[in-house]
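Keep the structure open beside this text and follow along. We start at one end of the chain and work toward the middle.

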Amino acid sequence: MSPLHTIRLEPGAHCFSAAPDQTLLAAALQAGVPLRSACRNGSCRACLSQLQAGEVHYVIDWPGISRDERAEGAVLPCVAQPRSDVVLQAGRLVWG
Ligand code: FES
């Protein structure tokens, strides 16, 4: 079984676990953290967040963020799987 990674989502310091083969969005929703989403395929940017720490792997070749945005820490949790413990600054939570 793959080791779980710890994901911390700000604001609010919501902590939950995610498997390496699980997207950050799926793990958040499973944990009851209502990270905003729409397409869930990496194209609409509704889930756009900031990666503050950690590494992710994209499940698609061309997620809807530019190379520059990626370099600045932008991340699309709906198509990003953790490769380490991760700290995310959520773009928008449903309740926020
Ligand atoms: S929900 Fe559309 S890009 Fe993530």
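How many residues lie between β1 and β2 in the hairpin that they form? There are 3 residues between them. One residue in the turn, Gly12, has a positive phi of about 110 degrees. Bear in mind that this is a predicted model.

Stay with this hairpin. β1 covers residues 5-10, and β2 covers 14-18. The two strands run antiparallel and are joined by 5 bridges. Ile7 of β1 stands opposite Phe16 in β2. The loop between the two strands holds Pro11. The peptide bond that joins Glu10 to Pro11 is cis, with omega at about 0 degrees. Most peptide bonds are trans.

Now step back to the whole chain. Its secondary structure comes to 2 helices and 7 strands. From the N terminus, the elements run β-β-α-β-β-α-β-β-β. The radius of gyration is 12 Å, close to the 12 Å that the globule rule gives for 96 residues, so the chain is as compact as a globular protein of that length. Along its principal axes, the C-alpha trace spans about 30 × 30 × 20 Å. Buried residues account for 28% of the 96 residues. Sequence-distant contacts are well represented: among contacts between residues at least 6 apart in sequence, 60% join residues at least 24 apart.

Next, the sheet. What is the order of its strands? It is an open sheet of 5 strands, ordered β2-β1-β7-β3-β5, with mixed pairing. The edge strands are β2 and β5, each of which pairs on one side only. β5 spans residues 74-75.

Look at β7, residues 86-89. In the strand order, β7 sits between β1 and β3. β1 and β7 run parallel, joined by 4 bridges. Here Arg8 stands opposite Val87, and Glu10 stands opposite Gln89. On the other side, β3 and β7 run antiparallel, joined by 3 bridges. In that pair, Gln50 stands opposite Gln89.

The side chains of β7 alternate. Val86 and Leu88 point to one face and are buried. Val87 and Gln89 point to the other face and are not buried. β1 also has two faces. Its covered face carries His5, Ile7 and Leu9. Its uncovered face carries Thr6, Arg8 and Glu10.

Where do the buried nonpolar residues gather? The largest nonpolar core has 18 residues. Those with the most contacts inside it are Ile7, Leu24, Leu25, Ala28, Leu76, Ala80 and Leu88. β1, α1 (24-30) and β7 each supply at least two residues of this core. α1 gives the most, with 4 residues.

Pick out Leu88 in this core. Leaving aside its neighbours within four places in sequence, Leu88 is in contact with Ile7, Leu9 and Glu10, and also with Leu24. Its contacts further include Ser49, Gln50, Leu51 and Gln52, as well as Val75 and Pro77.

One of those partners, Gln52, deserves its own look. Gln52 is placed in strand β3, residues 49-53. Is Gln52 partly exposed or buried? It counts as partly exposed because it has 13 C-beta neighbours inside 10 Å; a buried residue would need 20 or more. Beyond its neighbours within four places in sequence, Gln52 is in contact with Gly73, Val87, Leu88 and Gln89. Gln52 and Glu10 are 42 residues apart in sequence, and their C-alpha atoms are 9.6 Å apart in space.

Finish in the loop between α1 and β3. Arg40 is found here, and so is Arg45. Most residues other than glycine have a negative phi. Arg40 has a positive phi of about 60 degrees. Arg45 also has a positive value, near 70 degrees. With 17 C-beta neighbours inside 10 Å, Arg40 counts as partly exposed. Arg45, with 16 such neighbours, counts as partly exposed too.

Technical notes
Residues are numbered from 1 along each chain as its sequence is written. This is a predicted model: local features need pLDDT of at least 70, side-chain atom pairs count only at pLDDT 80 or more; totals for chains, interfaces and linings use all residues. A residue is buried if 20 or more other C-beta atoms lie within 10 Å of its own, exposed if 12 or fewer, and partly exposed in between; C-beta atoms are placed from the backbone. Two residues are in contact if their C-beta atoms, placed from the backbone, lie within 7 Å. Two strands pair if DSSP finds at least two bridges between them. A nonpolar core is a set of buried Ala, Val, Leu, Ile, Met, Phe, Trp, Tyr and Cys residues joined through C-beta atoms within 7 Å. The radius of gyration is taken over C-alpha atoms; the globule rule is 2.2 Å times the number of residues to the power 0.38.
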